[in-house]
Amino acid sequence: MKHIVVLGAGLVGRVIAIDLAKKSQVTVADKDADRLADLNAYESITTVYTDLSFQNQIQPLIMDADIVVNALPGFMGYETLKTIIQTGKDVVDISFFPQDALELDELARQHNVTAIVDCGVAPGLGNLLLGHHAETMKIDSFVCYVGGLPIERTWPYEYKAPFSPVDVIEEYIRPARLVENCKLVERQALSEPELIDFGELGTLEAFNTDGLRSLVKTMNIPNMKEKTLRYPGHIELMRVLRETGFFSQNPVQVGKAEISPLDLTTKLLLPKWELKRGEKEFTIMKIIIKGKEQGKLKNIEYLLYDEYDVETETHSMARTTGYTCTAAVSLLIDGNYKEKGVLPPELLAKDKDAVSQMLNYLKERKIELQRKELEN
């Protein structure tokens with residue numbers, strides 16, 4: 001039986017650990033005792049209470065692991081991934097850190113490590129589909145609309161965060177990179193709003209975020225963009241907070257104290273945005289891929305809709321992100337994928353069998369993509 005170490009027992013890390021424990025021995029590490037206590041009921045899961053922000057805690061923890069999963073917050077992700085690679089362990093990473101993971105590719109090859117990065121729903125599953133079609137199509141454009149939202153719309157934000165607020169806010173302040181007519185361009189986050197009708201689900205608004213990540217380097221496609229989906233009105237609320245300075249990290253003097261506006265904002269938003277156990281939400285993703293295959297124009301559309309699983313009490317964003325991650329871990333467990341280096345899902349997709357295995361893995365967990373080809 002393989003031994004897998006999961007770093008981080010948050011909303012997604014918890015689901016990853018439970019899923020992997022069905023066939024493997026799992027160790028989960030976190031500094032939140034309550035999160036770990038929740039996992040102690042599982043016979044195949046061992047918990048370790050430790051502060052993973054100290055890198056010297058990680059190497060001894062993973063020394064006996066066959067595979068490591070990095071499910072830590074983004075601000076800790078890059079250095080943690082680097083430590084895992086230097087320890088010589090294969091890893092699947094969903095920390096979604098802002099740095100460029102491909103800069104660690106040479107290091108991973110030197111240590112004979114397979115590091116599958118950005119392996120969630122988006123980035124992740126969308127990259128996998130794009131890479132898969134790029135093997136047979138000359139793709140002209142790729143658009144990904146994606147978001148996770150509560151079913152019950154509660155004033156004032158009508159939003160709940162499956163991740164820490166600071167990671168969500170990062171999407172609203174970091175410039176969005178897009179590819180237009182073969183050129184890499186930047187747009188302000190929250191810009192170029194669109195209203196999109198999703199039928200019975202209603203109308204959602206989409207806006208630019210920096211979601212292409214590795215795709216701007218790995219895929220030679222003339223036009224690419226990713227947009228985040230929220231209930232209408234969210235853009236204006238976030239713009240007001242951003243332009244007022246609530247997302248700034250530069251300390252301001254308040255009386256005798258210096259306060260980081262971002263730290264204060266995060267503290268205030270947490271109780272408003274926190275996705276609590278049992279709170280129902282959904283994940284929605286729409287992908288449009290256009291190009292030519294064997295000389296014929298193709299317009300392929302994928303739609304993913306997933307809701308909170310009442311039976312297993314599992315949030316949708318944790319399911320779609322976590323199970324994409326564990327699908328990749330299953331490739332490594334089975335020994336069916338042996339490529340070395342840092343591999344975002346679009347590069348993993350060069351292996352057709354790996355794509356099939358991952359999609360079947362997701363289907364077994366009731367995560368399915370509806371595909372249709374539209375007339376051009």
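This is a short viewer tour of a predicted model, with selections to make at each stop.

**Stop 1: the parallel sheet**

Start by colouring the strands β3, β2, β1, β4, β5, β6 and β17, which form an open sheet of 7 strands in that order, with parallel pairing. At the edges you will find β3 (45–49) and β17 (341–343); each has a single partner strand, so one side of each is left without a neighbour in the sheet. Direction ignored, neighbouring strands here are turned by 20° against each other on average.

Now zoom in on residues 67–70 and 90–93. These are strands β4 and β5, which run parallel and are joined by 4 bridges. Pick Val68 and look across to β5, where its bridge partner is Val91.

Next, add residues 74–86 to the view. This is helix α4, which lies across β1 (3–7), β4, β5, β6 (114–116) and β17. Relative to β4, helix α4 runs at about 175°.

**Stop 2: helix α10 and its surroundings**

Select residues 261–273 and try a distance between the end C-alpha atoms. What span should the 13 residues of helix α10 have at 1.5 Å a residue? The expected value is 18 Å, and the end C-alpha atoms are 17 Å apart, which agrees.

Show side chains for Pro261, Leu262, Thr265, Thr266, Leu269 and Trp273, which are buried in α10. To see what the buried residues of α10 pack against, display α7 (165–173), α9 (234–244), β13 (252–254) and β14 (257–259).

From there, move to His234, which lies in helix α9. Is His234 buried or exposed? Its relative accessible area is 2%, so His234 is buried. Leaving aside residues up to four places away in sequence, His234 touches Tyr157, Tyr159, Tyr172, Glu205 and Trp273. Trp273 is also one of the buried residues of α10.

**Stop 3: charged pairs**

The structure holds 28 salt bridges, and a few are good to select by hand.

Begin with Glu279 and Lys160, whose side chains meet in a salt bridge at 3.6 Å, N to O. This pair links distant parts of the chain, 119 residues apart: Glu279 sits in the loop between α10 and β15 (281–293), and Lys160 in the loop between β7 (138–150) and α7. Glu279 counts as partly exposed because its relative accessibility is 23%, whereas Lys160, at 13%, is buried.

Go on to Glu293 and Lys298, where the side chains meet in a salt bridge at 3.3 Å, N to O. Glu293 is partly exposed, with a relative accessible area of 22%, while Lys298 counts as buried at 17%.

Then pick Asp306 and Arg319, a salt bridge with an N to O distance of 2.8 Å. Here strand β16 (residues 296–307) supplies Asp306 and helix α11 (residues 316–334) supplies Arg319, the two being 13 residues apart. Both Asp306 and Arg319 are buried.

Finish this stop by selecting Asp19, Lys22, Glu364 and Arg365 together, since salt bridges that share partners join these residues into one network.

**Stop 4: the cysteines**

How many disulfides does the structure hold? There are 0. Select Cys325 as an example: the nearest cysteine sulfur belongs to Cys119 and is 6.0 Å away, and Cys325 is in no disulfide. Cys325 is buried, with a relative accessible area of 0%. For your last selection choose Cys182, which counts as exposed because its relative accessibility is 60%.

Notes
Residues numbered from 1 in each chain as written. Predicted model: local features only at pLDDT ≥ 70, side-chain atom pairs only at ≥ 80, totals over all residues. Heavy atoms only, no water. Expected span 1.5 Å × (residues − 1). Buried < 20%, exposed > 50% of the residue type's maximum accessible area, 1.4 Å probe, protein only. Contact = heavy atoms within 4.5 Å. Disulfide = S-S within 2.5 Å. Salt bridge = Lys/Arg side-chain N within 4 Å of Asp/Glu carboxyl O. Pairing = 2+ DSSP bridges. Axes fitted to C-alpha atoms, helices over the stretch in contact; angles between N-to-C directions.
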